[in-house]
Amino acid sequence: VYCVKRLFKSIPCFLFPFALSSSKSQITIPIFSVLRPLPTRRPPPIVGEVSLGSECSVWFNAVIRGDVHYIKIGNKVNIQDGAVIHATYLKSPTNIGNNVSIGHNALVHGCTIHDNVLIGMGSIIMDDCVIESNSIIAAGAVVTKNTHVESGSIYAGIPAKKVKDISQELISGEIDRIADNYVKYASWYQD
């Protein structure tokens with residue numbers, strides 16, 4: 001796995017979020033679209049042992065730090081503005097499945113997030129949590145260490161607790177819609 005940080009030391013340009021091609025193959029080096037020189041801006045920091053699937057996007061001021069343990073991100077994952085993805089040194093890696101949206105300013109730390117999940121804006125997912133498929137973590141929720149979020153549920157609050165089961169309407173109307181939209185948004189920044 002390539003340490004992306006070294007690549008950017010010699011590039012004095014503003015790098016927009018990357019969007020991978022429509023190919024379904026997995027890669028470990030993100031692709032950025034360089035649009036214009038802008039020395040006051042920096043690319044999104046992606047360092048260490050990080051792998052990203054196809055159709056992923058990493059947005060402005062997001063940080064993905066695989067410097068202390070690996071971070072594996074599946075296909076069609078969007079990591080929105082200001083989000084932080086990290087792990088715990090030699091203890092808790094971060095695994096993110098397919099079709100996942102990580103909301104603005106969310107913190108995902110040393111946990112496992114399965115497929116078809118929406119992590120709300122400003123929420124915090126702590127070490128060793130497991131977020132099962134087809135789930136929503138509400139904006140501002142704090143999912144404390146070792147919490148197991150049941151498949152098909154919505155968790156909210158501080159600390160986060162199950163508030164209700166998720167409907168098929170929310171899966172297609174929120175989880176799928178947001179993931180699909182971010183694939184579209186990322187395409188706006190490609191050459």
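## A salt-bridge network to start from

Glu150, Lys162 and Asp165 are linked in a network of salt bridges. Within this trio, Lys162 pairs with Asp165, and their closest N and O atoms are 2.7 Å apart. Lys162 is partly exposed, at 35% relative accessible area, while Asp165 is exposed, at 51%. As general background, side chains of opposite charge can pair when their charged atoms come close.

Please keep in mind as you read that this is a predicted model.

## How confident is the prediction?

What is the mean pLDDT of the protein? The mean is 82, and 76% of the residues reach 70 or more. Over residues 1-41, however, the pLDDT is below 50, although this stretch has 90 contacts in the model beyond near neighbours in sequence. Where pLDDT is low, the predicted coordinates should not be read in detail.

## The β18–β19 hairpin

Now let us visit strands β18 and β19. Strand β18 covers residues 153-156 and runs antiparallel to β19, with 4 bridges joining the two. Two of the pairings can be followed by name: Ile154 has Lys164 of β19 as its bridge partner, and Tyr155 is partnered by Lys162 in β19. Lys162 also belongs to the salt-bridge network with Glu150 and Asp165.

The two strands form a hairpin with 4 residues between them. In the turn, Gly157 has a positive phi of about 100 degrees. The loop between β18 and β19 is also where Pro159 lies, and a cis peptide bond joins Ile158 to Pro159, with omega about -10 degrees.

Does strand β19 lie largely in the open or largely buried? The number of buried residues among the 5 of β19 (residues 161-165) is 0, so the strand lies largely in the open. Two of its residues have already appeared: Lys162 is partly exposed and Asp165 is exposed.

## A parallel partner for β18

Strand β18 also pairs with β15, which spans residues 135-137. Here the pairing is parallel and runs over 2 bridges. Ile137 stands opposite Tyr155 of β18. Tyr155 therefore has bridge partners in both directions of this description: Ile137 and, in β19, Lys162.

## Other salt bridges

How many salt bridges does a search of the whole structure find? The search finds 6. One of them joins Asp180 to Lys76, with the closest N and O atoms 2.3 Å apart. This pair links distant parts of the chain: Asp180 is in helix α2 (residues 168-187), Lys76 is in the loop between β5 (63-73) and β6 (77-79), and the two are 104 residues apart. Asp180 counts as partly exposed at 39% relative accessibility, and Lys76 also counts as partly exposed, at 23%.

Arg65 and Asp67 form another salt bridge, with their closest N and O atoms 2.8 Å apart. Arg65 is partly exposed, with a relative accessible area of 34%. Asp67 counts as partly exposed as well, at 41%.

## Loops with a positive phi

Two residues deserve a look for their backbone angles. Asn105 is not a glycine, yet its phi is positive, at about 60 degrees. Asn105 is placed in the loop between β9 (100-102) and β10 (107-109), and at 55% relative accessibility it counts as exposed.

Asp128 is not a glycine either, and its phi is also positive, at about 60 degrees. The loop that holds Asp128 runs between β13 (124-125) and β14 (130-131). At 29% relative accessibility, Asp128 counts as partly exposed.

## Thr147 and its contacts

Is Thr147 buried or exposed? With a relative accessible area of 15%, Thr147 is buried, because buried means under 20%. Thr147 is found in the loop between β16 (142-143) and β17 (148-149).

Leaving aside neighbours within four places in sequence, Thr147 is in contact with Asp128, Cys129, Val130 and Tyr155. Two of these names are familiar by now: Asp128 is the residue with the positive phi in the loop between β13 and β14, and Tyr155 is the residue of β18 that stands opposite Ile137.

Technical notes: Residues numbered from 1 in each chain as written. Predicted model: local features only at pLDDT ≥ 70, side-chain atom pairs only at ≥ 80, totals over all residues. Heavy atoms only, no water. Buried < 20%, exposed > 50% of the residue type's maximum accessible area, 1.4 Å probe, protein only. Salt bridge = Lys/Arg side-chain N within 4 Å of Asp/Glu carboxyl O. Contact = heavy atoms within 4.5 Å. pLDDT = per-residue confidence, 0-100.
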